[in-house]
Amino acid sequence: MAKSKQSKNRFEITASNVKKNVKNLEKVTEIEKPGKKEAKDSKILKDFSKQAPSSKKTPQSGKKTQEIKGGFENEYKKLKIQLESTRHENSELLADLEQVRMESRNLRSKLIGLGVDISSLRADEIEDDSPEESETKENIRLLEWRLKTLYTDLKGKETRKQLFLHYKGGTGKTCISVSYAYKLADLGFKVLMVDIDPLGHLTEIFKVENVDLKESLYDVLIHGKDITNAIWNTRVPNLHIVPSNLSLSAIELPLSSMPMPGERLRMALARIEENYDFIIIDSAPNVGFLSLNAILASKDLFIPVLADYLSYHGLKVLFEVISSIEKDFSFAFDNISVFLNRFNEFNDVCFTTKRALETHYSDFLLKTVIRESQDIASAMSLGQPIFEVSKTSRGVEDLLKFIFEVLFYIGG
Ligand SMILES: Nc1ncnc2c1ncn2[C@@H]1O[C@H](COP(=O)(O)OP(=O)(O)O)[C@@H](O)[C@H]1O
Ligand SMILES: [Mg+2]
């Protein structure tokens with residue numbers, strides 16, 4: 001009995017755990033490339049610089065992100081102060097825990113010596129995690145705890161309309177947006193996802209079948225039908241979806257001859273937005289009326305960027321398009337957030353891209369870096385958000401960090 005009590009305490013939010021967690025979070029957030037590799041990178045860096053945006057083509061609307069980034073750092077500082085005041089509380093517990101671990105190992109050896117089959121015992125009750133695994137688990141517990149606080153602060157505030165967009169395919173729009181939406185719903189927010197990619201990958205994840213039987217997004221945008229009839233429940237409580245279907249692939253031409261062709265999604269969503277805390281749009285990777293509708297219907301823009309040259313180059317094009325849309329439609333995003341996805345710590349180009357983003361897009365760049373993760377890839381191949389597949393992994397940790405940073409600056 002004593003053992004299981006102590007084992008549970010190991011994950012409590014105690015001073016020393018928090019201290020370790022803050023250190024871990026800082027470490028993960030500030031992945032730095034060793035200086036000696038810089039010379040080797042310089043040629044690539046020059047190529048990246050050629051693709052830097054000219055300041056006049058950079059949208060002005062995301063400046064708020066930069067202001068809030070200061071607040072995000074302050075939040076870490078506050079956490080540090082909080083733990084300093086209670087730092088001694090946990091040392092005894094850690095000593096006890098170490099003893100329990102030793103006893104557990106001894107007991108295990110004795111049982112094996114006596115020929116007892118211990119294979120049915122739960123491994124996590126007996127075996128220690130590696131240092132990396134325990135760091136990840138502790139970070140996850142800290143982040144889950146912080147997210148619950150942010151949920152209480154944000155619930156009931158104005159609906160956030162958010163878009164995941166990049167004109168390059170495969171950067172993680174669907175994969176990150178679906179996990180993000182899932183976690184928000186899991187926290188208790190009311191969430192609506194809108195799939196405007198004719199390929200319908202998001203729709204596939206929620207296995208919404210017979211989408212032709214109800215009114216589709218096509219009917220909403222072209223025939224002005226009520227979007228309520230195009231909304232479906234999903235297996236996740238609090239999470240609804242407007243599914244996509246192939247009819248959307250033929251929508252560009254009819255849409256172009258409609259009045260206000262770029263603002264039809266915004267007008268449709270206006271009817272139902274008060275029912276939701278978050279409306280999250282997953283876009284297709286192309287320029288056209290569909291993505292224009294998604295842009296004009298949103299207030300926060302999230303741009304996942306792979307740490308490679310093409311993804312970086314696509315970012316410049318995207319910023320130019322947004323800049324001209326802002327001008328032509330007297331429209332402005334409240335926040336624009338660029339973030340690195342599929343970051344590989346063993347790949348030089350990843351660090352080069354990160355430095356280029358820090359240099360040229362610092363006003364928009366989130367601190368969170370989502371690392372290349374086997375768990376994220378496996379979850380997607382199973383057609384599930386990562387949180388349905390894994391509770392403790394690097395992918396879960398990075399996604400939670402992303403959600404925490406986003407909710408923090410929205411709340412700030
Ligand atoms: N952080 C990551 N680690 C590993 N695989 C990832 C990660 N992010 C995305 N992927 C994989 O990249 C592929 C493309 O992602 P997806 O979300 O479909 O991109 P998009 O919607 O931008 O076209 C998917 O197979 C997904 O599993
Ligand atoms: Mg997609």
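This is a chat about a predicted model of a protein and the ligand placed with it.

Student: Hi! How many helices and strands does the protein have?

Tutor: Hello! In this predicted model, the protein has 18 helices and 8 strands.

Student: And what share of the residues is buried?

Tutor: Of the 412 residues, 39% count as buried.

Student: What about contacts, how much comes from residues 24 or more positions apart?

Tutor: Taking the contacts with a separation of 6 or more, 82% are between residues 24 or more positions apart.

Student: Let's go to the sheet. What order do the strands come in?

Tutor: The 8 strands form an open sheet in the order 3-4-2-5-1-6-7-8, and the pairing is mixed. Strand 3 (232–233) and strand 8 (365–371) stand at the edges with a single partner strand each, so one side of each has no neighbour in the sheet.

Student: Which strands does strand 5 pair with, and in what sense?

Tutor: Strand 5 is joined to strand 1 by 5 bridges, and the two run parallel. Strand 2 is also joined to strand 5 by 5 bridges, again in parallel.

Student: Which residues stand opposite each other there?

Tutor: Between strand 1 and strand 5, leucine 163 stands opposite isoleucine 281, and glutamine 162 stands opposite isoleucine 280. On the strand 2 side, aspartate 195 has aspartate 282 of strand 5 as its bridge partner.

Student: Is strand 5 buried or exposed?

Tutor: Buried: 5 of its 5 residues count that way, so strand 5 is largely enclosed by the rest of the structure. In a regular strand, side chains alternate between the two faces of the sheet. Here both faces are covered, with Phe278, Ile280 and Asp282 buried on one side and Ile279 and Ile281 buried on the other.

Student: And strand 1, which residues are on each face?

Tutor: Arg160, Gln162 and Phe164 are on one side, Lys161 and Leu163 are on the other, and all are buried. That agrees with the count for strand 1, where 5 of 5 residues are buried.

Student: How many bridges link strand 1 to strand 6?

Tutor: There are 3 bridges, and the two strands pair in the parallel sense. Glutamine 162 turns up here too, with aspartate 300 in strand 6 as its bridge partner.

Student: What about strand 2 and strand 4?

Tutor: Strand 2 (residues 191–195) and strand 4 (residues 239–242) run parallel and are joined by 4 bridges. Valine 194 stands opposite valine 242 in strand 4.

Student: Switching to helix 8. How many residues has it, and how far does it reach?

Tutor: Helix 8 (residues 173–187) has 15 residues and reaches 21 Å from its first C-alpha to its last, close to the 21 Å expected. Of those 15 residues, 14 are buried. Just after the helix, glycine 188 takes a positive phi of about 125°.

Student: Which strands does helix 8 lie across?

Tutor: Helix 8 lies across strand 1, strand 2, strand 4, strand 5, strand 6, strand 7 and strand 8. Helix 8 runs at about 165° to strand 5.

Student: Now the ligand. Which residues come nearest to ligand 1?

Tutor: Lys173, Thr174, Cys175, Ala377 and Met380 come nearest, out of 17 residues around ligand 1. Helix 8, strand 7 (335–343) and helix 16 (374–381) each supply at least two residues of the shell. By class, the shell has 6 nonpolar, 8 polar and 3 charged residues.

Student: One more spot: where is lysine 354, and what does it touch?

Tutor: Lysine 354 is in helix 15 (residues 348–360). Leaving out residues up to four places away in sequence, lysine 354 touches Ala307 and Leu340. Lysine 354 counts as partly exposed because it has 19 C-beta neighbours inside 10 Å, where 20 or more would make a residue buried.

Student: And leucine 150, why does that count as partly exposed?

Tutor: Because leucine 150 has 17 C-beta neighbours inside 10 Å. Leucine 150 is in helix 7 (residues 131–154) and touches Leu407, Phe408 and Gly411, again leaving out residues up to four places away in sequence. The C-alpha atoms of leucine 150 and phenylalanine 404 are separated by 8.1 Å, although these residues are 254 apart along the chain.

Methods
Residues are numbered from 1 along each chain as its sequence is written. Chains are lettered from A and ligands numbered from 1 in the order in which they are written. This is a predicted model: local features need pLDDT of at least 70, side-chain atom pairs count only at pLDDT 80 or more; totals for chains, interfaces and linings use all residues. The expected span of a helix is 1.5 Å times one less than its number of residues. A residue is buried if 20 or more other C-beta atoms lie within 10 Å of its own, exposed if 12 or fewer, and partly exposed in between; C-beta atoms are placed from the backbone. Two residues are in contact if their C-beta atoms, placed from the backbone, lie within 7 Å. A residue is near a molecule or strand if its C-beta atom, placed from the backbone, lies within 6 Å of it. Ala, Val, Leu, Ile, Met, Phe, Trp, Tyr, Cys and Pro count as nonpolar, Asp, Glu, Lys and Arg as charged, and the others, Gly among them, as polar. Two strands pair if DSSP finds at least two bridges between them. Axes are lines fitted to C-alpha atoms, for helices over the stretch in contact, and angles run from 0 to 180 degrees between N-to-C directions.
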